[in-house]
Amino acid sequence: MRTQERERRRRRWAAAALGLCAALALAAAALASDEEGKIVRPVEGAAIAAGPIDVAAKAPPGGRIELDGKAVEASEVDAPFPGVLHARLEAAPGEHVVALVWPGGRKQVRVFVGENPPAGFEPFHMHPPPDGIDCAQCHGLSRRGRFRFQGDCFGCHTDEQFTANHPHAKHVLEQCGMCHNAHGSTADALQIYPRETACRQCHSL
């Protein structure tokens with residue numbers, strides 16, 4: 001009986017390990033894809049009540065931003081952040097395609113500018129507000145020269161705000177980017193996942 005129970009446990013652990021390996025492989029693939037190029041703001045399906053469209057992107061060498069297939073002027077964010085592009089795009093009311101294009105690659109998002117967005121578009125909540133916030137307030141360079149988050153969300157958000165909305169202590173959920181999109185979102189509270197899905201990132205429910 002004990003041998004059978006040990007075998008069942010061993011199989012459960014093996015299945016869990018395989019699941020973890022698969023999840024890590026998917027995460028690594030997604031990270032590698034994001035390293036190539038990524039539009040961090042706005043997101044797919046964003047509805048913006050009034051222009052301009054504020055665009056931020058991580059671009060490989062030779063990258064450019066396009067609006068509806070036409071290249072637009074974008075400034076490279078001030079040093080020391082190479083490869084980070086920023087643009088404020090004036091766009092007429094209606095649906096648009098914002099694209100990041102580079103030799104051998106392309107990422108794009110659909111956005112809507114104006115009132116009464118059609119189905120498939122939701123109001124976009126900018127975070128942080130573009131005026132008065134500098135990239136260096138939240139980002140820096142790693143020792144390898146990579147652009148990365150190094151800020152403290154609690155420089156702006158209070159402990160009281162955190163504990164009112166989270167079941168865990170602050171030190172348990174210190175990686176806010178696991179569940180929230182720090183550059184803006186169409187979801188409530190800038191969430192990347194619904195609450196139940198977010199919990200499953202760490203818990204088996």
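Lys38 stands opposite Lys58 in strand 3, and that pairing is a good way into this predicted model. Strands here, like helices, are DSSP runs numbered from the N terminus (E, at least two residues, for strands; H or I, at least four, for helices). Strand 1 and strand 3 pair in the antiparallel sense over three bridges, where pairing asks for at least two DSSP bridges between two strands. On another pairing of strand 3, six bridges join it to strand 7, again antiparallel, and Val55 stands opposite Ala87 in strand 7.

Before going further, a word on conventions. Residues are numbered from 1 along each chain as its sequence is written. Because the model is predicted, local features need pLDDT of at least 70 and side-chain atom pairs count only at pLDDT 80 or more, while totals for chains, interfaces and linings use all residues; side-chain values use heavy atoms, with hydrogens and water left out.

**The chain as a whole**

The protein chain has three helices and 14 strands. Of its 205 residues, 25% count as buried, a word that stands for under 20% relative accessible area, with exposed meaning over 50% and partly exposed lying in between (1.4 Å probe, protein chains only). About 13,800 Å² of the chain is exposed, and carbon and sulfur atoms supply 56% of that area; these areas come from the Shrake-Rupley method with a 1.4 Å probe, and for residues only the protein chains shown count as cover. Among contacts with a separation of 6 or more, 55% are between residues 24 or more positions apart, a contact being heavy atoms within 4.5 Å.

**Salt bridges around strand 3**

Strand 3 is mostly covered, with five of its six residues buried. Asp54 belongs to this strand, which spans residues 53–58, and counts as buried because its relative accessibility is 4%. Its partner Arg41, in strand 1 (residues 38–41), sits 13 residues away along the chain, and Arg41 is buried too. Arg88, from strand 7 (residues 84–89), is 34 residues from Asp54; at 44% relative accessibility, Arg88 is partly exposed. Salt bridges with shared partners join Arg41, Asp54 and Arg88 into one network.

Side chains of opposite charge can pair when their charged atoms come close. The structure holds six salt bridges, each defined as a side-chain nitrogen of Lys or Arg within 4 Å of a carboxyl oxygen of Asp or Glu. The table includes three of them.

| Basic residue | Acidic residue | Closest N to O |
|---|---|---|
| Arg41 | Asp54 | 2.7 Å |
| Arg110 | Glu44 | 2.7 Å |
| Arg88 | Asp54 | 3.4 Å |

The Arg110 and Glu44 pair links distant parts of the chain: Arg110 is in strand 9 (residues 105–113), Glu44 in the loop between strand 1 and strand 2 (46–48), and 66 residues separate them. Arg110 is partly exposed, since its relative accessibility is 30%, and Glu44 is partly exposed as well, at 42%.

**Lys107 and His96**

Lys107 also lies in strand 9 and, at 26% relative accessibility, counts as partly exposed. Its C-alpha atom is 7.0 Å from that of Ile39, although the two are 68 residues apart along the chain. A polar atom of the Lys107 side chain lies 2.7 Å from the backbone oxygen of Gly37.

His96 is found in strand 8 (residues 94–102) and is buried, because its relative accessibility is 8%. The side chains of His96 and Asp68 share a polar contact of 2.7 Å, meaning a pair of N or O atoms within 3.5 Å; within protein, one must be able to donate a hydrogen and the other to accept it, and residues adjacent in sequence count only if both atoms are side-chain atoms. The backbone oxygen of Ala92 lies 2.6 Å from a polar atom of the His96 side chain. Leaving aside residues up to four places away in sequence, His96 touches Leu67, Asp68, Ala91, Val109, Arg110, Val111 and Val113.

**The aromatic pair**

A search of the whole structure finds one aromatic pair. Phe112 and Phe121 form it, 6.0 Å centre to centre with 50 degrees between the planes, a tilted arrangement. Rings of Phe, Tyr and Trp (its six-membered ring) pair if their centres lie within 6.5 Å, and planes under 30 degrees apart count as stacked, over 60 as edge-to-face and the rest as tilted. Phe112 is buried at 12% relative accessibility, and Phe121 is buried with a relative accessible area of 5%.
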